[in-house]
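User: Hi! I have a structure open and would like to chat through its charges and cysteines. Could you help me out?
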Amino acid sequence: MQAKDISAANILIVDDNQANVMLLEDLLEAAQFTNIASLTDPRDVLPLCQEKRPDIILLDIRMPHMSGFEVMEALHEEFQTNCPPIMVLTAQTDLATKTQALALGAIDFLNKP
């Protein structure tokens, strides 16, 4: 069995701060990832995922129009057990935020500056 090339993973970055998006894109490209999409409007996540399901989503929590929690709820409602894995990247470090993100199915919770 041949191992899958993880650098070909479809990665979706969702953050309302364009500077954060650009930084994550640069870091991922430097690590040789080649299939990176990004959104600054969380309302666009579900339609994009319905069109092409990402292998992983890097998701901010605090965003206008829709929180990351609401994005996670919408994705789980749509995809049920086939929801794309979600890694939360946020500046919120309180226990309640971490607990809620993990309860909604986040695979990991990382703090960002």
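User: Let me start with a side chain I was clicking on: is Arg43 buried, partly exposed or exposed?

Analyst: Happy to help! One thing up front: this is a predicted model. In it, Arg43 counts as partly exposed, at 44% relative accessibility.

User: And which residue does Arg43 form a salt bridge with?

Analyst: That would be Asp41. The closest N and O atoms of the two are 2.7 Å apart. Asp41 itself is buried, with a relative accessible area of 18%.

User: How many salt bridges does the structure hold?

Analyst: There are three salt bridges. Besides the one between Asp41 and Arg43, Lys112 meets Asp15 at 2.4 Å, N to O. That pair links distant parts of the chain: Asp15 sits in the loop between β1 (10–14) and α1 (18–30), while Lys112 is in the segment after β5 (108–111), 97 residues apart.

User: What about Asp60, which side chain does it meet in a salt bridge?

Analyst: Lys112 again, with 3.5 Å from N to O. This pair also links distant parts of the chain, 52 residues apart, with Asp60 in the loop between β3 (56–59) and α3 and Lys112 in the segment after β5. Since they share partners, the salt bridges join Asp15, Asp60 and Lys112 into one network.

User: Is that network's trio buried or exposed?

Analyst: Buried. Asp60 and Lys112 are both buried, and Asp15 is too, with a relative accessible area of 3%.

User: Switching topic: how many disulfides are there?

Analyst: The count comes to zero.

User: Why is Cys49 not bonded to Cys83?

Analyst: Because the sulfurs are too far from each other: the closest cysteine sulfur to that of Cys49 is in Cys83, 7.7 Å away, whereas a disulfide needs the pair within 2.5 Å. Cys83 is likewise in no disulfide, its nearest cysteine sulfur being that of Cys49.

User: Are those two cysteines buried or exposed?

Analyst: Cys49 is buried, with a relative accessible area of 1%. Cys83 counts as buried as well, at 12% relative accessibility.

User: Last one, back to charges. Which residues gather in a patch of negative charge on the surface?

Analyst: Four glutamates make up that patch: Glu70, Glu73, Glu77 and Glu78.

User: Where is Glu70 found, and what is its relative accessible area?

Analyst: Glu70 is found in helix α3, which covers residues 68–79. Its relative accessible area is 38%, so Glu70 is partly exposed.

Key
Residues are numbered from 1 along each chain as its sequence is written. This is a predicted model: local features need pLDDT of at least 70, side-chain atom pairs count only at pLDDT 80 or more; totals for chains, interfaces and linings use all residues. Side-chain values use heavy atoms; hydrogens and water are left out. Buried means under 20% relative accessible area, exposed over 50%, partly exposed in between (1.4 Å probe, protein chains only). Patches are made of residues with over 30% relative accessible area and no salt bridge: like charges are joined within 9 Å, nonpolar side chains (Val, Leu, Ile, Met, Phe, Trp, Tyr) within 5 Å. Accessible areas come from the Shrake-Rupley method with a 1.4 Å probe; for residues, only the protein chains shown count as cover. Lys and Arg count as positive and Asp and Glu as negative; His and the chain ends are not counted. The place of a charge is taken as NZ of Lys, CZ of Arg, CG of Asp or CD of Glu. Helices (H or I, at least four residues) and strands (E, at least two) are DSSP runs, numbered from the N terminus.
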